[in-house]
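Q: I would like a close look at one part of the molecule shown below. Please keep the explanation plain and define the terms as you go.

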Amino acid sequence: MRFERITVDPNICNGKPCFRGMRFPVSRLLGLLASGETRETVLKSYPYLQTEDIDEALRYAAFLAEDETIELIG
């Protein structure tokens, strides 16, 4: 899967996935949405984000959730 709006740069936020080269990590947006913030409040609070950023963040989260995990019993 290809992500056009999510960038990874070791010089920005220690290489965490961010939006369009900005210092706004995808994880921050996903955390806001997970805590109950609406798209509208996020876009109002962070006017440099766009609706397409939210859409892509959700696709990115779904992509990561598809990774196979193996539970280790210790």
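The request concerns helix 3 and what lies around it. Which residues of helix 3 are buried, and what covers them?

A: This is a predicted model, in which local features need pLDDT of at least 70 and side-chain atom pairs count only at pLDDT 80 or more, while totals for chains, interfaces and linings use all residues. Residues are numbered from 1 along each chain as its sequence is written, and side-chain values use heavy atoms, with hydrogens and water left out.

Start with the setting. The protein chain has three helices and two strands, and from the N terminus on they come in the order β-β-α-α-α. Here helices (H or I, at least four residues) and strands (E, at least two) are DSSP runs, numbered from the N terminus. The C-alpha atoms of the protein chain fill a box of roughly 45 × 30 × 25 Å along the principal axes. Of its 74 residues, 24% count as buried. Buried means under 20% relative accessible area, exposed means over 50%, and partly exposed is in between (1.4 Å probe, protein chains only).

Now helix 3 itself. It consists of 15 residues, 51-65, which at 1.5 Å a residue should span 21 Å. The expected span is 1.5 Å times one less than the number of residues. The end C-alpha atoms of helix 3 are 22 Å apart, which agrees with that expectation.

The buried residues of helix 3 are Asp 53, Ile 54, Glu 56, Ala 57 and Tyr 60. They cover an arc of only 165° around the axis, which puts them on the same side of helix 3. The arc is that of the directions from the helix axis to the C-beta atoms. An α-helix has 3.6 residues a turn, so residues three or four places apart point the same way.

The cover over these buried residues includes strand 1 (6-7), strand 2 (18-19), helix 1 (26-34) and helix 2 (39-45). Contact here means heavy atoms within 4.5 Å.

Helix 1 can be read in the same manner. Its buried residues are Val 26, Leu 29 and Leu 32. Seen down the axis of helix 1, they fall within an arc of 125°, so they line one face of the helix. These buried residues pack against helix 3, and also against strand 1, strand 2 and helix 2. Just after helix 1, Gly 36 takes a positive phi of about 110°.

A residue outside the helix also belongs in this picture. Arg 5 is found in the segment before strand 1, and at 17% relative accessibility it counts as buried. Leaving aside neighbours within four places in sequence, Arg 5 is in contact with Glu 52, Asp 53 and Glu 56, and also with Cys 18, Phe 19, Arg 20 and Gln 50. Of these partners, Asp 53 and Glu 56 are among the buried residues of helix 3.

Arg 20, one of the partners of Arg 5, lies in the loop between strand 2 and helix 1. At 32% relative accessibility, Arg 20 counts as partly exposed, and it has a positive phi of about 45° although it is not a glycine. Glu 4, like Arg 5, is found in the segment before strand 1. Glu 4 is exposed, with a relative accessible area of 56%. Glu 4 and Arg 20 are 16 residues apart in sequence and 8.1 Å apart in space, C-alpha to C-alpha.

Cys 18 is another partner of Arg 5, and it also touches Ile 12. Ile 12 lies in the loop between strand 1 and strand 2 and is buried, with a relative accessible area of 15%. Its contacts, not counting residues up to four places away in sequence, are Cys 18, Gly 21, Met 22 and Arg 23. In that loop there is also Asn 11, which is exposed at a relative accessible area of 64%. Cys 13 has its place there as well; it is partly exposed, with a relative accessible area of 22%.

To return to the request: the buried residues of helix 3 lie on the same side of it, and their cover includes both strands and the other two helices.
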